[in-house]
Amino acid sequence: MKVQPLAARVGRYGLVGVAAASVHYGILELSGWPLWLSNPIAFLIASLTSYLGHALYTFRDETDGQRFARRWLILQFSVNLSACYLLGLWLNPWGAIPFTKLILVLTPTILNALIWTKAAQFSLQRQRPNKSKPKLHADDLGLTNATNTAILALAKAKQLDSASLLVNGNAVESAVEQCRSHPNLQLCLHLCLSEGRAVTEPQQVSELIDDKGRLKCSFGQLMLASCLPKNAPGRRRLEKQLRCEVNSQIQRFRELTGLTIIAIDGHQHLHLVPIVLDIILELAAEQGICWLRTTAEPLPTGLSWRYWQLALTNGGWLKWLVLQTLTRMALPRLRKALVATNAGFAGVLFTGRMVESPLRASWQELKSLSFSPPQTEPLLLSHPAAQLKQEESNTGLRDFPLSRIFFTSPWRQLEWQAIKDYKPVSQLKVGHE
């Protein structure tokens, strides 16, 4: 893509900047309001002028004539409103001096230059073709016959690249048997510590299970344990039992699949909790762990506000923030341990709602990411399932109380349908959103 010469860019930026500054200055002069009130209002109107002018005119080569993503407008408003309001309060005693108004006008102009340049680079990145495509991935293969039905049907239709196998699931043997007909479906271990039967003998993991032999290590409990001193007796005892269970699940995965090189992720993303990650990395060389899933999820563009509200009410934003932080902490440790990971990820913000618009927007966002080995393709996570039969709902999920509501929801079928209706991975073309 050819980007306009610098002289033309400066000229266009100057024209839009003069127009926005004129709007700003005119309102300050004509409104007759005190600076602490007139300056933020003048800025808001001038900002809209700047937003549209720079997107549609100054940086039209980068934006392809489209508006900047809304996040840049929100950022610009937040930064500049704060600056303008504080400057208005600070300079109010000298409001009659023309130089004061000049400072108020030039400050947001300079800030805007930085923000809109970054916004243009952001837009340009999404127009550049990327030779690699994201992978479509499904979790919880082996949990129930309903999850197996959906995941393996997608694999047969070449709509799915990979799946995570839950080795303590109720239908894991059936899943593995059917996978033999789909050799192109890549499998990884879906490490489970929060529910389902322990794979290790109960007496060896007594602190990890309840009185019914079900695993009970929640995300919150493991996070709290990660904060204990390394030499604390309680932590060392827990680590020993976690190591036993992780080892047992790896061995079970190897027995079921015949794979010697292990890729790993976690049920409810528990593999990223520091105390669990410590154990996985300790075992990496011994157990042949070559890849671990991370959740560096960029914010997708082009979604309506209702999806962002949905992410807020469903706790997607909180999960996203926690997992972004854990991923940042994990990445340098993975590099040091020579364990590869995916270059990007989608599926936390809209967990359980990866249908239609979120699915398309997430795919477009991941498609714009560039990466190089040892990173692997970005990963788009889904949780498809067929409708649960009554007996599976009553007994098949008995050992998975945390997953019961999730997998009895009609959203699982909606996710399955959305991926079925999406273009096959082999036919998806790179393009501009």
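Strand β1 (residues 135–141) runs parallel to strand β2 (residues 162–165), and three bridges join the two. Pairing here requires at least two DSSP bridges between two strands, while the strands themselves (E, at least two residues) and the helices (H or I, at least four) are DSSP runs numbered from the N terminus. Within this pair, Leu141 sits opposite Leu165 of β2.

A word on the source: this is a predicted model, in which local features need pLDDT of at least 70 and side-chain atom pairs count only at pLDDT 80 or more, whereas totals for chains, interfaces and linings use all residues. Residues are numbered from 1 along each chain as its sequence is written, and side-chain values rest on heavy atoms, with hydrogens and water left out.

**The sheet**

Strands β1 and β2 belong to an open, parallel sheet of seven strands, ordered β5-β4-β3-β2-β1-β7-β6. Its edges are β5 (289–292) and β6 (345–346), each of which pairs on one side only. Helix α13 (residues 356–367) packs on this sheet and touches β1, β6 and β7 (379–382); contact means heavy atoms within 4.5 Å. The direction of α13 makes about 160° with that of β7, where axes are lines fitted to C-alpha atoms (for helices, over the stretch in contact) and angles run from 0 to 180 degrees between N-to-C directions.

**Salt bridges**

Let's turn to the charged side chains. The whole structure holds 13 salt bridges, each defined as a side-chain nitrogen of Lys or Arg within 4 Å of a carboxyl oxygen of Asp or Glu. Here are some of them:

| Pair | N to O distance |
|---|---|
| Arg235 – Glu239 | 3.1 Å |
| Glu282 – Arg243 | 3.0 Å |
| Arg412 – Glu415 | 3.0 Å |

Arg235 and Glu239 are about one helical turn apart, because four residues separate them in helix α9 (residues 233–257). Both Arg235 and Glu239 are buried; buried means under 20% relative accessible area, exposed over 50%, and partly exposed in between (1.4 Å probe, protein chains only). The two also belong to a salt-bridge network with Lys230, Asp278 and Arg333.

Glu282 lies in helix α10 (residues 274–287) and Arg243 in helix α9, so their salt bridge ties together parts that are 39 residues apart in sequence. Arg243 is partly exposed, at a relative accessible area of 26%.

In helix α16 (residues 411–421), Arg412 and Glu415 are three residues apart and therefore separated by about one helical turn. Arg412 counts as buried at 1% relative accessibility, and Glu415 does too at 0%.

**Phe400 in its loop**

Phe400 is found in the loop between α14 (390–396) and α15 (401–408), and counts as buried because its relative accessibility is 1%. Leaving aside residues up to four places away in sequence, Phe400 touches eight residues by name: Leu143, Leu166, Asn168, Gly169, Asn170, Cys192, Glu195 and Gly196. Although Phe400 and Leu143 are 257 residues apart along the chain, their C-alpha atoms are separated by 8.9 Å.

**A nonpolar patch**

On the surface, Trp33, Trp36, Leu37, Tyr85, Leu86 and Leu89 make a nonpolar patch of about 600 Å². Patch residues have over 30% relative accessible area and no salt bridge, with like charges joined within 9 Å and nonpolar side chains (Val, Leu, Ile, Met, Phe, Trp, Tyr) within 5 Å. Helices α2 (35–58) and α4 (70–91) each supply at least two of the patch residues, and α4 gives the largest share, three residues. One residue of α4 is Leu86, which is exposed with a relative accessible area of 54%.

Terms used
Areas by Shrake-Rupley, 256 points an atom, 1.4 Å probe, with all protein chains shown as cover.
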